[in-house]
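Trainee: I am new to this model and would like to look closely at a single part of it, with some orientation beforehand. Could you take me through it slowly?

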Amino acid sequence: MTLEINGQSFETDEEGYLANLSDWSSELAEAMAQQDGCDLTENHWEVVNFLREYYDEYQIAPAVRVLTKAIGKRLGKDKGNSRYLYELFPYGPAKQACKYAGLPKPTGCV
Amino acid sequence: MSEELQSGIVKKFLYINRRAPHGTNYAQEGLEVALIGAAFDQDVAMAYLDDGVFQLKSGQDTKAIGTKNFSATYRALGDYDVKLVYVERESLERRGLSEDDLMPLVYEDEDDDWEEKPLIHVVSAGEMQKIISESDVLLNF
């Protein structure tokens, strides 16, 4: 599959995750979110940026439970719970946020 | 497996890793499958024997062979609530390695003010046999 943004095309897997991590840019993230009818706010970016840092450090995209726990530790309990994260990312916080972060599908999501 | 998951039965899974980390996919696949199992609330422990002990060696660098250096991912085991990583002492010794050559893997104990605790337990061949025989499900990589 390919993703068309501003006349450029980017290779993705069958579920829309970027094939090449290095293709990612914040504009691309905004465009992917808009295709899902989602506007990225500062709160969304906090999670997306966290995931990119996590991937950089561990070379995997974390499963939702791992993400929730890690967010809680980094950003506080009021953000490290599934209610808050599902409000931001209704299609599943790990799945959807990883997609916008340009990461592969999380390890432990089916 | 889905019926067992729904019934809430937690089994003791032991992932046995015997191969060197790079050159084949076994090590990386074994690690990912273990993380997926752990994400589904199974009781997951890891065992490293034979050339598998090289998987945990610190300072791995895959640039020259052009593959992803997934060794950083072992440090995520603790985040996935895997708290037991067994390494066979004899396998280390035969390869001229000791515990000091391994990555310092830790997990954060939620019940103990997030204190970092070591994941790696170096055990004798005899202890490893006991660990293997006490596990419900063995997966070999």
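Trainee: To begin with the partner chain, what radius of gyration would a compact globule with 110 residues have, and what value does chain A have? After that, please concentrate on the open sheet of chain B.

Mentor: This is a predicted model, in which local features need pLDDT of at least 70 and side-chain atom pairs count only at pLDDT 80 or more, while totals for chains, interfaces and linings use all residues. Residues are numbered from 1 along each chain as its sequence is written, and chains are lettered from A and ligands numbered from 1 in the order in which they are written.

For your first point, a compact globule with 110 residues would have a radius of gyration near 13 Å, and chain A, at 13 Å, agrees with that; the radius is taken over C-alpha atoms, and the globule rule is 2.2 Å times the number of residues to the power 0.38. Chain A contains 5 helices and 2 strands, and its elements run β-β-α-α-α-α-α from the N terminus on. Here helices (H or I, at least four residues) and strands (E, at least two) are DSSP runs, numbered from the N terminus.

Chain B, which holds the part you asked about, has 4 helices and 7 strands, following the pattern α-β-α-β-β-α-β-β-β-α-β along the sequence. With 141 residues, its radius of gyration of 15 Å agrees with the value near 14 Å for a compact globule. The average pLDDT of chain B, which is the predictor's confidence in each residue from 0 to 100, is 91, and 95% of its residues score at least 70.

Now to the sheet itself, where 5 strands of chain B are arranged in the order 6-3-2-1-7 with parallel pairing; two strands count as paired if DSSP finds at least two bridges between them. Its edges are strand 6 (120–123) and strand 7 (137–140) of chain B, each of which pairs on one side only. Neighbouring strands are turned by 25° against each other on average, direction ignored, with axes being lines fitted to C-alpha atoms, for helices over the stretch in contact, and angles running from 0 to 180 degrees between N-to-C directions.

At the strand 7 edge, strand 1 (residues 12–17) of chain B runs parallel to strand 7 of chain B and is joined to it by 4 bridges, and within this pair B:F13 stands opposite B:V137. Helix 2 (residues 26–39) of chain B packs on the sheet, touching strand 1, strand 2 (43–48) and strand 7 of chain B, and its direction makes about 170° with that of strand 1 of chain B; residues are in contact if their C-beta atoms, placed from the backbone, lie within 7 Å. Helix 4 (residues 125–133) of chain B lies across strand 1, strand 2, strand 3 (84–88), strand 6 and strand 7 of chain B, running at about 140° to strand 3 of chain B.

Two strands of chain B pair elsewhere, for strand 4 (residues 106–109) and strand 5 (residues 115–118) of chain B run antiparallel over 4 bridges, and B:V106 has B:P118 as its bridge partner. Their hairpin has 5 residues between the strands, and there B:D113 takes a positive phi near 55°.

Returning to the two chains together, their contact takes 13 residues from chain B and 11 residues from chain A, and the predictor gives the complex an ipTM of 0.78 and a pTM of 0.85.
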